[in-house]
Amino acid sequence: QVQLVESGGGLVQAGGSLRLSCAASGRTFSTYTNWFRQAPGKEREFVAGISRSGGSTLYADSVKGRFTISRDNAKNTVYLQMNSLKPEDTAVYYCAAGTGYQNGPFHYWGQGTQVTVSS
C-alpha cells in the first residue's frame, strides 16, 4: 500500500511563493508523479508532472515559468515550487502517482492541501 501526503499549503499574498511537498510511503510502483488542483466550483486540472527519474517534466500553460516541479527520490518526495502566485492559483492541490502525465492512469492520490492567494 502506498500513501501520498501533501503539505506546504497556506495563505499567501499575490506575488508570493509557496513550496508544496508530496511524500510517498510504502512501496512505490508508479513512475510519474503529478500535481493537480481544484478550485471551488471548477473541475480538477492538471498542474505539473515529473517522471520517476526527474529527467522529464510537463507543465500546464497557466503555470509555466512560475511553477517548478522536482523530486528527491532518496526522500520519496516530490515538490512543487510555486512563485509569482496569483489569486487564480487558489485551489486545493493534490498529488497523484501513476504511469503517465495528466491522463494517468493514477494509482494513488493524496488528500490535498489548500493554497489560498489573496489579492
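**A walk through an all-strand model**

The charged end of Arg 44 sits over the ring of Phe 36, and 5.6 Å separates that end from the ring's centre. This is a predicted model. We start at Phe 36 and work outwards.

Phe 36 belongs to strand β4, which covers residues 32–38. Is Phe 36 buried or exposed? Its relative accessible area is 5%. Buried means under 20%, so Phe 36 counts as buried.

Phe 36 also has aromatic company. A pair of aromatic rings is described by the distance of the centres and the angle of the planes. The structure holds five aromatic pairs. One of them joins Phe 36 and Phe 106. Their centres are 5.2 Å apart, and their planes meet at 80 degrees. That makes the pair edge-to-face. Phe 106 sits in strand β10, residues 106–109, so this pair links parts of the chain 70 residues apart. Phe 106 has a relative accessible area of 22%, and therefore it is partly exposed.

Phe 36 pairs with Trp 109 too. Here the centres are again 5.2 Å apart, but the angle between the planes is 45 degrees, and the pair is tilted. Trp 109 lies in strand β10, and 73 residues separate it from Phe 36 in strand β4. Trp 109 is partly exposed because its relative accessibility is 31%. Add Phe 46, and the picture is complete: Phe 36, Phe 46, Phe 106 and Trp 109 form one aromatic cluster.

Now step back to the whole chain. How many helices and strands does the protein have? It has zero helices and 11 strands. The protein has 119 residues, and its radius of gyration is 13 Å. A compact globule of that length would have a value near 14 Å, so the two agree. Along the principal axes, the C-alpha atoms fill a box of roughly 40 × 25 × 25 Å. Of the 119 residues, 44% are buried. Take the contacts with a separation of 6 or more: 54% of them join residues 24 or more positions apart.

Next comes the interior. In soluble globular proteins, nonpolar side chains tend to be buried together. The largest nonpolar core here has 31 residues. Trp 35, Leu 80, Met 82 and Tyr 93 have the most contacts inside this core. Several strands each supply at least two of its residues: β3, β4, β5, β7, β8, β9 and β11. Which strand gives the largest share? Strand β9 does, with five residues.

Strand β3 deserves a visit. Leu 20 is found there. Leu 20 has 0% relative accessibility, so it counts as buried. Beyond its neighbours within four places in sequence, Leu 20 is in contact with several residues, including Trp 35, Leu 80, Met 82 and Tyr 93. Leu 20 and Tyr 93 are 73 residues apart along the chain, and their C-alpha atoms are separated by 8.6 Å.

Strand β3 also has a covalent tie. A disulfide is a covalent bond between the sulfur atoms of two cysteines. The structure holds one disulfide. It joins Cys 22 to Cys 95, with 2.1 Å from S to S. Cys 22 lies in strand β3 and Cys 95 in strand β9, 73 residues apart, which makes this a link between distant parts of the chain. The angle about the S-S bond is 70 degrees, and the link is right-handed. Both Cys 22 and Cys 95 are buried.

How values were computed: Residues numbered from 1 in each chain as written. Heavy atoms only, no water. Phe/Tyr/Trp six-rings, centres within 6.5 Å; stacked < 30°, edge-to-face > 60°. Helix = DSSP H or I, 4+ residues; strand = E, 2+ residues; numbered from the N terminus. Buried < 20%, exposed > 50% of the residue type's maximum accessible area, 1.4 Å probe, protein only. Lys NZ or Arg CZ within 6 Å of the ring centre and 35° of its normal. Core = buried A, V, L, I, M, F, W, Y, C linked by side-chain atoms within 4.5 Å. Disulfide = S-S within 2.5 Å. Contact = heavy atoms within 4.5 Å. Rg over C-alpha atoms; globule rule 2.2 N^0.38 Å.
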